[in-house]
Structures are given as structure tokens and as C-alpha cells.
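Let's take a walk through this chain together, from its overall build to the charged pairs on its side chains. Here is the model to keep beside you as you read.

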Amino acid sequence: MKKVLIDCDPGIDDALALALIAGSPSVRLAGITTVGGNVDLELTTANALALREFLELGDVPVTPGSAGALLRRTVRASHVHGATGLGDVRLPPAERGASPGHAADFIAETLQAAPGEITLVAVGPLTNLALAVRREPRVVEWARDLVIMGGSFTRGNHNPAAEFNMLADPEAAAIVFDAGWTVTMMGLDVTLSAVVNTGVLDRMRPLGRLGSDLLVPAARFYGEVTAGGGPAIHDACAVAYVLDPSLFTCVPAVVNVETAGIHTRGMTVTDFRIGDRQANAQVGTSLDVKRFWDLVLGAYEGLAARLG
């Protein structure tokens, strides 16, 4: 049983990543923490709470964290995810509220209670993780692994140089990469391969209310779906790595996050020429797309059977 704590900013692809966790019997979810990112913290938390109930995740705690970046102005992506963060998805409002406290403290306390057992999966801006590391540096030792969706060694998406999660809080990202652990980085170089085409969408449609209420409207809002391509479900790649690392090719690298550049702020400057330095990252460079979708859709099918 793999234990996971996910830090997220739901967000369409965050929702699909949570559905992948919910449909994976080999994963035990230790908690969900939320951060302002794709939309404001109030909405990302409300979405996480609604998803917890829709996906029947039980009493998994949902703990809100940072509303904005450590130093920078707010950057949001509602033009991608819609005003609520979930596009055309309309889930019932949650009946249960969030847990008290701050996500950074919850992360530290949860890892301390089970050192070496829990993998952190971060699929939003890294503000909560940076605060957790600053408040309790032993978080780095207590985490089993850290897998993030973010960054890239070839391109950006929010601007030419930077991926959104890194640009939203580059100072936090720099703290996390410099903290002394090895960050497994699932960046745009692999996540842009994980696209929903018509074949994938056709396999989602029969999946009961999971398909009709979440998967299909999420995928279709996210971008045009065609036989040859469609929108990428970025965040699910980080979860898929935890489930089956063999889906990905990863290469050790030294990653530095640009915080001062005028045109390159948020860029993950990735150097595969390690030499005598210590790598601080394992960087995803390729994805076995067929096996990825077999894993993801298999999990969705199992979850759909349970949800009805």
C-alpha cells in the first residue's frame, strides 16, 4: 500500500488526478492540502471538498493553505479552468467542511507521524511545501519521496519560459528544489504527451456518473478533442508516476528555478551535465503513452463501478 499526501489547486487536471488516486486500490490517501493557483484558495478548497465527497474518499482530511505566492503578485489560470476552476463540471456542494489549521503544518505533522512512509505529490504552486520546509526542515527527511507536476526543460506554457505552477510562485519553487531532497519533476516535456483524444474520450463516456459528471465535461472544457490529439491531463502524470514509475523515463539533473529574470521568471533551468555536483532532481523526459492510458482508464473503470 502506497501512502500519498497530495497538495493541489483544483483545477480540472487536479480533479482527474484525484480521481486516479480514488480509483487505485494500491494507494492510501493520507490527506489533501489546497493552495491558491488555478483559481483562488476559496474555490480550490471548495472544489477539493466537493471532489472528496463525489469520489467517495471518506474522511480524508482536506486542509487549506496559502492563498497566494510568498512574494509575488497573484497569478491565476481561470482562463484555462473556468471561473470555478472545474470548467463545465457541476458537483454538489460539499456537506462537510475543511479541517482546521494550515496546510504547511498539516504536511509537517503528517509526515512526522509516519517518517519514510508517505510520498508527497504536489500538482500546484509549491507555496505550501516551501512553508512546510521553512517551518520544519526535517520534512525533507520524513517524506518518502516528492513528486511534482511542474516545470520543463524545453518550454513554458503560461509564458515562453515558465510552466504555470513554477511561475505562480518561483521563490517557493526555488526553496523546494534547494531543500536537500530529490524532486521528481513531471514537467511539460512528459505531461503534454498525456492527451485526451477521441479514443480516450470514448472510453470515458460509458463510465456512469464518473464519466458523465466529471471526466467527459472536464476533458471537453479543457480543449478541443480530436482523433489525433487533445488537452493534456498534466497532474495525473505525477500520480501515475507514484503508481508505476516504469511508465516514465527519468534522468538525474540539477534544477534551479529562475526568480530574477525579466523574461524567464519561473523557468526551471535544467542541467543534465551533473559532473561532480549532486543532482537535486529526477526529471521526466518521456512517457509510455499507451501504458499510461491503460493505467489511468483502468483505474477510472474500477472507480466507476464503485460509484455507479
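Helices (H or I, at least four residues) and strands (E, at least two) are taken as DSSP runs and numbered from the N terminus. Counted in this way, the chain holds 13 helices and nine strands. Please keep in mind that this is a predicted model.

**Overall build**

How does the radius of gyration of the chain compare with that of a compact globule? For 308 residues, a compact globule would come out near 19 Å, and the chain has 18 Å, so the two agree. Along the principal axes, the C-alpha atoms fill a box of roughly 50 × 45 × 35 Å. Of the 308 residues, 59% count as buried. Contacts across the sequence fill in the picture: among those with a separation of 6 or more, 82% are between residues 24 or more positions apart.

On the outside, the accessible surface of the chain comes to about 12,000 Å², and carbon and sulfur atoms contribute 51% of it.

**Charges and salt bridges**

The chain carries 24 positive and 33 negative charges, and the mean positions of these two sets are 1 Å apart. The count of salt bridges comes to 16. Three of them are listed here, including the N to O distance for each.

| Acidic partner | Basic partner | Distance, N to O |
|---|---|---|
| Glutamate 136 | Arginine 138 | 3.0 Å |
| Aspartate 244 | Arginine 291 | 3.0 Å |
| Aspartate 271 | Arginine 273 | 3.0 Å |

How exposed are the partners? Buried means under 20% relative accessible area. Glutamate 136 has 18% relative accessibility and therefore counts as buried, while arginine 138, at 41%, counts as partly exposed.

The salt bridge between aspartate 244 and arginine 291 is worth following in the model. Aspartate 244 lies in the loop between α12 (234-243) and β7 (248-257) and arginine 291 in helix α13 (residues 289-307), so this pair ties together parts that are 47 residues apart in sequence. Both partners are partly exposed: aspartate 244 has a relative accessible area of 22%, and arginine 291 has 33% relative accessibility.

In the remaining pair of the table, aspartate 271 and arginine 273 meet in a salt bridge. Aspartate 271 counts as buried at 18% relative accessibility, whereas arginine 273 is exposed, with a relative accessible area of 68%. Elsewhere, Arg203, Lys290, Asp294 and Glu301 are joined into one network by salt bridges that share partners.

Terms used
Residues are numbered from 1 along each chain as its sequence is written. This is a predicted model: local features need pLDDT of at least 70, side-chain atom pairs count only at pLDDT 80 or more; totals for chains, interfaces and linings use all residues. Side-chain values use heavy atoms; hydrogens and water are left out. The radius of gyration is taken over C-alpha atoms; the globule rule is 2.2 Å times the number of residues to the power 0.38. Buried means under 20% relative accessible area, exposed over 50%, partly exposed in between (1.4 Å probe, protein chains only). Contact means heavy atoms within 4.5 Å. Accessible areas come from the Shrake-Rupley method with a 1.4 Å probe; for residues, only the protein chains shown count as cover. Lys and Arg count as positive and Asp and Glu as negative; His and the chain ends are not counted. The place of a charge is taken as NZ of Lys, CZ of Arg, CG of Asp or CD of Glu. A salt bridge is a side-chain nitrogen of Lys or Arg within 4 Å of a carboxyl oxygen of Asp or Glu.
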